[in-house]
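Me: Please take a close look at a single part of this protein and show how that part connects to the rest. A plain account will do.

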Amino acid sequence: MRPGALGPLLDAGLLKSGQRLLWRRRNLGQEYLAHVTPEGSLRLEDGRICDSPSGACAAAAHGKVNGWDAWRTDEGVSLSMLRGRI
């Protein structure tokens, strides 16, 4: 099993290593990008590695946000929706 929070999604084939994830904050006109690491973490655009989706939100925007709902695939599917498929 992979150490990052997204490990189970990788193991289930629901995410791929290197896959891009997007967090759009429409009300603030902001967008954040991250990529899934082979270990199941998120790598932000500035290179920081975050072990959890919510941690990646906190690192990117300096606030508490449910990252499982915020981060989405290019198809618009949230991580929480993917997690529900396991």
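Reply: Helices and strands here are DSSP runs, with at least four residues for a helix and at least two for a strand, numbered from the N terminus. In those terms, Arg20 belongs to strand E1, and this residue is the starting point. The model is a predicted one. Its pLDDT averages 95, and 99% of the residues score at least 70. By element, the mean runs from 95 in H1, where confidence is lowest, to 98 in E3, where it is highest.

Arg20 is partly exposed, at 34% relative accessibility. Leaving aside neighbours within four places in sequence, Arg20 is in contact with Leu33, Ala34, His35, Arg72, Thr73 and Asp74. Two of these contacts deserve a separate look, namely Asp74 and Thr73.

With Asp74, Arg20 forms a salt bridge in which the closest N and O atoms are 2.8 Å apart. Asp74 sits in the loop between helix H3 (67-70) and helix H4 (79-83), while Arg20 is in strand E1 (residues 20-25), so the salt bridge ties together parts that are 54 residues apart in sequence. Asp74 is itself partly exposed, with a relative accessible area of 48%. The cut-offs matter for reading both values: buried means under 20% and exposed means over 50%, so 34% and 48% each fall in between.

Thr73 is in the loop between H3 and H4 as well. Its C-alpha lies 6.7 Å from that of Arg20, although the two are 53 residues apart in sequence. Thr73 is buried, at 7% relative accessibility. Besides Arg20, the contacts of Thr73 beyond four places in sequence are Leu15, Gln19, Leu21 and Leu82.

Leu15 leads from this loop to the nonpolar interior. Not counting residues up to four places away, Leu15 touches Leu6, Leu9, Leu10, Leu21, Val36, Thr73, Leu79 and Leu82. The largest nonpolar core has 23 residues, and Leu15 is among those with the most contacts inside it, together with Leu6, Trp71 and Leu79. At least two residues of this core come from each of helix H1 (7-11), E1, strand E2 (30-36), strand E3 (42-44), helix H2 (53-61), H3 and H4. H2 gives the largest share, five residues. In soluble globular proteins, nonpolar side chains tend to be buried together.

Trp71 also takes part in ring pairing. Two aromatic pairs are found in the whole structure, and ring pairs link Trp71 with Trp23 and Tyr32 in a cluster. A ring also figures in a contact with a charge: the charged end of Arg83 sits over the ring of Trp68, 3.9 Å from its centre.

To place the Arg20 salt bridge in context, the structure holds three salt bridges. Side chains of opposite charge can pair when their charged atoms come close. Another salt bridge joins the side chains of Arg24 and Glu31, at 2.8 Å from N to O. Arg24 is partly exposed, with 45% relative accessibility, and Glu31 is partly exposed too, with 47%. A further salt bridge is made by Arg48 and Asp46, at 2.7 Å from N to O. Here Arg48 is partly exposed at 37%, whereas Asp46 counts as exposed at 51%.

Two sites away from the Arg20 region complete the picture. Gly4 is in the segment before H1 and is buried, at 6% relative accessibility. Beyond four places in sequence, Gly4 touches Glu39, Gly40, Ser41 and Asp51. Between Gly4 and Thr37 the C-alpha distance is 8.6 Å, with 33 residues separating them in sequence. His62, in the loop between H2 and H3, has a positive phi of about 60 degrees although it is not a glycine. His62 is exposed, with a relative accessibility of 71%.

In short, Arg20 of strand E1 reaches the loop between H3 and H4 through a salt bridge with Asp74 and through contact with Thr73. Thr73 is in turn in contact with Leu15, and Leu15 is one of the residues with the most contacts inside the largest nonpolar core.

Definitions and conventions
Residues are numbered from 1 along each chain as its sequence is written. This is a predicted model: local features need pLDDT of at least 70, side-chain atom pairs count only at pLDDT 80 or more; totals for chains, interfaces and linings use all residues. Side-chain values use heavy atoms; hydrogens and water are left out. A salt bridge is a side-chain nitrogen of Lys or Arg within 4 Å of a carboxyl oxygen of Asp or Glu. Buried means under 20% relative accessible area, exposed over 50%, partly exposed in between (1.4 Å probe, protein chains only). Rings of Phe, Tyr and Trp (its six-membered ring) pair if their centres lie within 6.5 Å; planes under 30 degrees apart count as stacked, over 60 as edge-to-face and the rest as tilted. A charge sits over a ring if NZ of Lys or CZ of Arg is within 6 Å of the ring centre and within 35 degrees of the ring normal. A nonpolar core is a set of buried Ala, Val, Leu, Ile, Met, Phe, Trp, Tyr and Cys residues joined through side-chain atoms within 4.5 Å. Contact means heavy atoms within 4.5 Å. pLDDT is the predictor's confidence in each residue, from 0 to 100.
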